[in-house]
Amino acid sequence: MRYGIVKEYYEERGFGFLEDEMGHEIFVHISQLQLEAGQRLEEGDRVSYEIAVGAKGPQAIHVKIENESKV
């Protein structure tokens, strides 16, 4: 399991980018979000995730919000 922060997320477009603990940017798609009822992914959220190699490089999968407080 890896941890990071939501750098930017475009809800209307269904994708965004996370920033890992080393400062690297990782793509995230709406299909990989595992949110509870009423949760929304927003910039600054702390998240846990795993990495998979997508067609265009690393991609976050199994993305969960770790806490609701913003960084």
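**A five-stranded barrel: group meeting talk**

Before anything else, the confidence: this is a predicted model, and its protein chain averages a pLDDT of 92, with 94% of the residues scoring at least 70. If we go through the elements of the chain, the highest mean pLDDT, 97, belongs to strand 1, while the lowest, 93, belongs to strand 5, which covers residues 57–67.

Let me turn to the fold. Five strands close into a barrel, and the order in which they do so is 1-2-3-5-4, with mixed pairing; from one strand to the next, the twist averages 50°. As a general reminder, strands of a sheet pair through backbone hydrogen bonds, and they may do so in parallel or antiparallel fashion. Here, strand 1 (residues 2–10) and strand 4 (residues 46–54) run antiparallel and are joined by four bridges, and if you would like one residue pair to look for on the screen, Tyr3 has Ser48 in strand 4 as its bridge partner.

Next, a single residue in a loop. Asp45 sits in the loop that lies between strand 3 (25–29) and strand 4, and is it buried or exposed? Asp45 counts as buried, because its relative accessible area is 0%, where the cut-off for that word is under 20%. The side chain of Asp45 also reaches the backbone nitrogen of Glu42, at 2.9 Å.

Finally, the annotation, which I quote with some caution: according to UniProt, in an unreviewed entry, the feature "domain: CSD" is placed at residues 1–65. Over residues 1–65 the chain in this model is 58% strand and 0% helix, and the C-alpha atoms at the two ends are 13 Å apart.

Technical notes. Residues numbered from 1 in each chain as written. Predicted model: local features only at pLDDT ≥ 70, side-chain atom pairs only at ≥ 80, totals over all residues. Heavy atoms only, no water. Pairing = 2+ DSSP bridges. Axes fitted to C-alpha atoms, helices over the stretch in contact; angles between N-to-C directions. pLDDT = per-residue confidence, 0-100. Buried < 20%, exposed > 50% of the residue type's maximum accessible area, 1.4 Å probe, protein only. Polar contact = N/O pair within 3.5 Å; in protein donor to acceptor, adjacent residues only side chain to side chain. UniProt positions renumbered as here; feature names shortened; annotations may be inferred.
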